[in-house]
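Good morning, colleagues. May I ask you to look at the model on the screen while I describe a few of its local features.

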Amino acid sequence: MKRQKNKLLASKSDRVFDVVIYIIMALIIIITLYPLIYVFSMSISNPVSVARKQVWLLPKGFSTLAFKTVLKDKNMYIYYFNTIWYTVVGTVLGIIVTSLAAYPLSRKNFPPRKFFMLIITFTMFFSGGIIPTYLVVARFLNLYNNRWAIILPGLTSAWYVIVTRTFFQTIPEEMLESARIDGANEYRVFLQFIMPLSAPILAVLALYFGIGYWNSYFNAMLYLGKKELQPLALYIRRVVIQSSLEVEPVVDMTYENVMSQLQIKYAVIVVAILPILCFYPFLSKYLEKGMMVGSLKG
C-alpha cells in the first residue's frame, strides 16, 4: 500500500511539474514569437490601420506599399551585398580558424596545450578595450575603410575555441591512432577524419558566426566611414532611428502613400531578418547535439 501511495504521489508531482514546464515554455514561445508576428503584421497591414495604431497582432487589411518603397532604394542592395559578403567570408574563415586552433588543443600528445588554454581562457576575462583595439585595427593594421576590419577582429573567440576543442575530445583517439599507423599525417587526420565527424559543432559555429556577422553594426560604425562598405545593420539603424531612406520622394501623394511611410521601418526589419529565418531550419537539427556534446564533457 505504501509503495502504491508513493507511486501515486510521485506521478502527481511529475504531472504538476510537467504542467509548470509546459506553461513556462508556452510563455517563452509567446514572448519570442510576438515581436516577429507584430513586425510582420505592421509591415503588410493597411497603412491607415497602422497610423491609427489598430494593429496589435494580426494584420489589418493588406498593403505592400512599404515593401515597394524599401525595394526602390538602390543603396539597400549595396548594403545587402556587403552583409552577405561579411557573413559568408567571416563564417567560413571563422570556422577554419576556430577548428585549426581547437584541434591541437584537444590532443593529449600536444604538450603545451595547457599553457595555450590558459592564455585563451585569460582573454575571456580581460581584454584591451575599445580604444586600444581601434588603434591596432585602424592605425597599426591600417584597416580603416577596409572590409577586413569587420572580419579580422572577430575571426574567432575563446569560447568558440573551448567548445570546439571539447567536441573534438569526444572523437575516439584510437581511431586517429589507427589512421596515423596507416601513414596519415596530422593534416590528413584533421581534414579526412576530424572535420567530417564534427558536422554538429561546425553547424553550431556556422550559425553563431553567421548571426553575429549578419547583425554586427558596432565594428562597422568604428571602422567603416564609406557607405558603400557598410553592412545592412547600419542601414536599418539609419531607417529605424534616424527615419532616413535614400529613395526618391513619393510622387503620388495619396493618403495611403503618405501613411505607408510609417511602415517603412517594419518593412526594412522584415527584409533584414528574412534570410536568417530561412537559413536557421537547415542547421537546427545539429544545434542541440553540437551544444550539448560541445559543452558538457570536460
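The expected span of a helix is 1.5 Å times one less than its number of residues. Helices here are DSSP runs of H or I with at least four residues, numbered from the N terminus. This is a predicted model, in which local features need pLDDT of at least 70, side-chain atom pairs count only at pLDDT 80 or more, and totals for chains, interfaces and linings use all residues. Residues are numbered from 1 along each chain as its sequence is written, and side-chain values use heavy atoms, with hydrogens and water left out.

I begin with helix α10. Its 12 residues, 186-197, should span 16 Å at 1.5 Å a residue, and the end C-alpha atoms are 15 Å apart, which agrees. The buried residues of α10 (under 20% relative accessible area, 1.4 Å probe, protein chains only) are Val189, Phe190 and Ile194. Because they cover an arc of only 95° around the axis, they lie on the same side of α10; the arc is taken from the directions from the helix axis to the C-beta atoms. The face turned away from that side carries Tyr187, Leu191 and Pro196, which are exposed, that is, over 50%.

What covers the buried residues of α10? The cover includes α4, α8 and α9.

Ser106 lies in α4, residues 74-106, and counts as buried because its relative accessibility is 5%. Beyond its neighbours within four places in sequence, Ser106 is in contact (heavy atoms within 4.5 Å) with Arg165, Phe168 and Gln169.

Notes: Helices (H or I, at least four residues) and strands (E, at least two) are DSSP runs, numbered from the N terminus.
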